[in-house]
Structures are given as structure tokens and as C-alpha cells.
Amino acid sequence: MKAAFNPKQPFELPLLLPSQVPMQEWESARVLKACVRSRAALGALNEAAATLPNPDVMLSSLVLLESQASSEIENIVTTADALFEAQQDASRADAPTKETLAYRSSLYHGLQAIKQRPLSTRLIEEICSLTKGIDMQVRRVPGTQLSNARTGETIYTPPQGEALLRDKLANWEWFCHVDANDPRSEDERFVATLDPLVRMAVLHYQFEAIHPFLDGNGRTGRVINLLFLVQQGLLGQPVLYLSRYILQHRTRYYELLLAVSQEGSAEAWQEWIVYMLDAVHETALWTLAKIKAIHRLMEETQRRVEAHTKLGKQKDLITLLFKLPYCRIADIVDADIAKRQTAAVYLQTLAQAGLLSTQERGRDKLFLNHRLIALLKSESNDFEETNTLASNTQLH
Ligand SMILES: Nc1ncnc2c1ncn2[C@@H]1O[C@H](COP(=O)(O)OP(=O)(O)O)[C@@H](O)[C@H]1O
Ligand SMILES: [Mg+2]
């Protein structure tokens with residue numbers, strides 16, 4: 001008989017094998033229904049992201065927001081403004097902002113890496129190291145525990161012993177890489193029938209339960225979620241703002257992870273899987289609406305620049321202002337859009353037209369695409385169409 005769950009004892013985490021965990025019962029009618037919804041929302045998001053003229057504009061902003069939320073789940077708290085300001089030059093940023101930018105680098109590193117090699121223990125060590133800014137390897141020493149932040153009480157003790165952790169990770173890798181089109185054993189045939197979104201949810205639980213590192217497991221695990229979706233071809237670009245949902249439903253996230261370890265029942269697994277499917281569904285729709293709104297704002301900005309300034313089309317300039325919503329004259333020069341003096345005229349003209357606002361930073365002046373920043377931070381997808389402009393009377 002299975003030993004009762006003891007939060008203070010290293011957990012005897014079962015391997016992800018159909019003979020050891022109730023995979024046969026995971027895909028209940030409720031799970032399958034949630035899967036269909038989430039797949040449809042992801043499909044719509046992918047289609048929108050793929051048909052945009054400048055997909056990388058959305059990418060840089062949404063990856064920053066994802067980095068912010070995923071770090072905030074771990075109480076590393078910064079603001080969208082601080083992040084956008086620091087993305088070109090982090091030298092003056094505070095520690096949480098730097099750490100959040102490091103998270104972003106680790107996500108980009110992972111995305112580059114999976115083009116050439118599969119998700120592996122080595123790669124997750126790299127991701128965790130980049131996030132933490134120090135060399136991180138699979139735990140060698142005992143003593144890692146998860147405790148309640150308020151009471152200090154131990155709620156979960158992950159498995160320990162490097163060899164054991166590496167075995168669990170090898171099984172985790174196997175579950176990641178079962179090729180649905182070419183299953184090679186009875187077990188693989190079974191795993192191959194699972195929806196990739198269900199596999200992502202299962203992998204995320206298993207990774208967190210293994211808890212391979214001394215720290216950084218939450219953030220590394222959430223980078224892996226996006227990498228897995230990209231690798232499975234379910235997400236063309238890592239624009240999905242998945243950590244937003246987890247941050248908003250953080251207590252439930254912890255409860256459901258713990259319940260799978262405590263109970264290990266089909267019901268506990270289903271609750272967890274539905275939670276992650278709902279996270280995909282909700283954030284795919286949120287991101288889709290946001291992408292469309294950003295696109296509308298870009299087009300509207302373009303029209304205003306043409307109609308109300310003497311600058312002409314300025315496509316490259318506007319694209320840059322949407323990639324770098326905190327822009328310096330030097331950024332325009334670096335992007336080869338104009339020489340210094342012309343760049344200054346451009347930015348000042350746009351500021352006079354109310355399309356940018358300005359802030360002094362030492363000897364530097366920052367030009368803020370404040371409407372974009374407001375849109376990214378807002379729950380709503382409306383943006384101020386006119387009242388930030390100096391003269392709006394002739395527009396209606
Ligand atoms: N009961 C649990 N069992 C397994 N993992 C959990 C449990 N509760 C929380 N977690 C995971 O542990 C993460 C925190 O681990 P930690 O190593 O501190 O990550 P980070 O450094 O990124 O802060 C949470 O974000 C969550 O993913
Ligand atoms: Mg931590």
C-alpha cells in the first residue's frame with residue numbers, strides 16, 4: 001500500500017508511467033471539453049500572431065509581461081514601466097527589474113536552444129542558471145523544502161539525492177519527447193494518445209514536484225511550459241501570457257500542485273489539468289485581444305503621423321517606438337533610422353503631436369510611447385484615440 005503523504009519526508013514521487021499514475025483516467029469528459037476550448041483559443045492566437053505585419057513588436061512586449069508575472073509569482077516584483085525603461089540599458093535598474101530581465105533572457109535562450117536540441121536536463125540547468133544569474137545544477141544536498149510563506153510550516157519536501165533526481169528528470173524528458181506520430185513501446189503508445197496541452201500540464205506538475213534546483217524551479221518550470229508549446233507546434237511565437245493566470249490564481253496553483261502529491265488520485269490530476277487548460281484558454285484569449293489592440297494602436301499612430309505632422313510615413317520609426325516604448329534619440333540612431341539631429345526632430349515632433357511624452361533621465365531625454373504602455377498594462381483594450389493630442393478638433 002502507498003505510504004501516507006508526509007510533508008516533512010522526501011516525497012516518493014511516482015514516475016510518469018501509465019503503470020504508476022492514473023493516466024488512463026486523466027482525460028475525463030471535462031478535461032476533453034477544456035482541451036477543445038483551449039486548442040481553439042490557441043489556434044486563433046497563432047493565426048493572429050502569424051498574420052501581423054510586425055510580429056516581433058508584440059513579441060518583445062508580451063515576453064516582458066510574461067517575465068514580469070512569472071517573477072512576481074515568486075515575489076520578485078517590478079513594474080512594466082521599469083522593465084520597458086531598462087530593456088535597452090539595465091545599468092540603473094533595481095534588483096527585481098534586473099532579475100526579471102534575466103528571466104526574459106533565459107526564455108529567449110531556451111527558444112534558440114530548442115531549434116537545435118531537445119528539452120533536456122542540461123537545458124533546464126542552463127535556463128535556471130540564466131534566471132538566477134549563477135551556475136545552477138541539479139541539487140546535490142538534502143534540505144530543500146517548500147513552506148507556507150505565512151506560517152513557515154513545511155508543506156512539501158521534494159525527492160532528494162542527485163542520482164534519484166536525475167532518474168526522475170530522465171523520465172520527465174521521456175514524457176516530453178514521446179513522438180505522437182511514432183510511439184515505440186506500449187507506454188509510448190499510451191502517452192501518444194494524450195493531448196499535448198494535457199502533457200504540458202502533467203509535465204509542469206512533475207517538474208515542480210521533482211523540484212530539481214535549490215531555487216528557481218517555479219520560473220524554470222514556467223519557461224518550459226512555453227518551450228514545450230512551441231516545440232509541439234502549438235505556439236508559433238512565445239506570445240502566450242500564461243503566468244498572468246497563474247499569478248491571478250496563485251493560491252489555487254499551490255493547492256492543486258500539492259493535492260496531486262497528497263492524493264495522487266485521478267480527480268486531483270484532473271483538477272490540476274483543468275486549471276492549466278483554463279490558464280491556456282483565458283490567457284490565449286486575453287493575448288489575442290491585446291495583440292489586436294496593439295495592432296490597431298499602431299495603425300492609428302501611423303495615420304496620425306501622416307495626417308498631423310510633416311514627417312510622412314515613417315514606418316520604421318513607428319515600428320521601433322512600438323518595440324521600445326521607452327525610446328532615446330540614440331536608439332533611433334542605433335537602428336539606422338536617422339542621424340542624431342534628425343532623430344531628435346522626429347521625436348520632438350511626435351511629442352508635440354501628443355503621440356509621445358517625455359521624461360528627463362540625467363542628460364538623456366526619454367520619449368515614451370505612453371499610449372502603448374497604458375494599453376499593455378490595462379485590462380481594457382481601448383486606447384485614447386484623441387484626447388492626448390494637441391489639436392484634435394479637425395479629426396471628427
Ligand atoms: N506543493 C508543491 N509541490 C510542488 N511544487 C510546488 C508546490 N507548491 C509550489 N510549487 C512550485 O514551486 C515554485 C517555487 O519554487 P522556487 O524554487 O522557489 O521557484 P523560484 O525561485 O522560481 O522562486 C512555485 O512557483 C511552484 O511552481
Ligand atoms: Mg524561489
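In the predicted model, Arg 361 stands opposite Asp 364, a residue of strand S5. This pair belongs to the pairing of strands S4 and S5, which is antiparallel and extends over five bridges. The two strands form a hairpin with two residues between them. Gly 362 lies in the turn of this hairpin and has a positive phi of about 60°.

The hairpin is part of an open sheet of three strands, arranged in the order S3-S5-S4 with antiparallel pairing. Strand S3 (326–327) and strand S4 (357–361) are at the edges, and each has a single partner strand, so one side of each is left without a neighbour in the sheet. In general, the strands of a sheet pair through backbone hydrogen bonds, in either a parallel or an antiparallel sense. Strand S5, which comprises residues 364–368, is joined to S3 by two bridges, and these two strands run antiparallel. Across this pairing, Cys 327 stands opposite Phe 367 in S5. The number of buried residues among the five of S4 is zero, so this strand lies largely in the open.

Helix H16 covers residues 370–377, and its buried residues are Arg 371, Leu 372 and Leu 375. Viewed down the axis of H16, these buried residues fall within an arc of 100°, so they line one face of the helix. An α-helix has 3.6 residues a turn, so residues three or four places apart point the same way. The buried residues of H16 pack against two other helices, H12 (266–308) and H13 (315–323).

Three loop residues were examined individually. Gln 314 is placed in the loop between H12 and H13. Its phi is near 55°, a positive value in a residue other than glycine. Gln 314 counts as buried because it has 20 C-beta neighbours inside 10 Å, and 20 or more are required for a residue to be buried. Asp 336 lies in the loop between helix H14 (329–334) and helix H15 (340–352). Although Asp 336 is not a glycine, it has a positive phi of about 60°. With 8 other C-beta atoms within 10 Å, Asp 336 is exposed, the limit for an exposed residue being 12 or fewer. Gly 264 is found in the loop between H11 and H12. This glycine is partly exposed, with 16 other C-beta atoms within 10 Å. The C-alpha atom of Gly 264 is separated by 15 Å from that of Phe 207, a residue 57 positions away along the chain.

Ligand 1 is surrounded by 18 residues. The closest of these are Glu 74, Glu 208, Asn 217, Gly 218 and Arg 219. Four elements each supply at least two residues of the shell: strand S2 (154–156), helix H8 (196–210), helix H9 (217–231) and helix H11 (250–263). When the shell around ligand 1 is divided by class, eight residues are nonpolar, six are polar and four are charged.

With regard to overall architecture, the protein has 16 helices and five strands. A compact globule of 396 residues would have a radius of gyration near 21 Å, and the value of 23 Å for the protein agrees with this. The C-alpha trace spans about 80 × 40 × 40 Å along its principal axes. Of the 396 residues, 39% count as buried. Among contacts between residues at least 6 apart in sequence, 67% join residues at least 24 apart.

Notes
Residues are numbered from 1 along each chain as its sequence is written. Chains are lettered from A and ligands numbered from 1 in the order in which they are written. This is a predicted model: local features need pLDDT of at least 70, side-chain atom pairs count only at pLDDT 80 or more; totals for chains, interfaces and linings use all residues. A residue is near a molecule or strand if its C-beta atom, placed from the backbone, lies within 6 Å of it. Ala, Val, Leu, Ile, Met, Phe, Trp, Tyr, Cys and Pro count as nonpolar, Asp, Glu, Lys and Arg as charged, and the others, Gly among them, as polar. The arc is that of the directions from the helix axis to the C-beta atoms. Two residues are in contact if their C-beta atoms, placed from the backbone, lie within 7 Å. The radius of gyration is taken over C-alpha atoms; the globule rule is 2.2 Å times the number of residues to the power 0.38. Two strands pair if DSSP finds at least two bridges between them.
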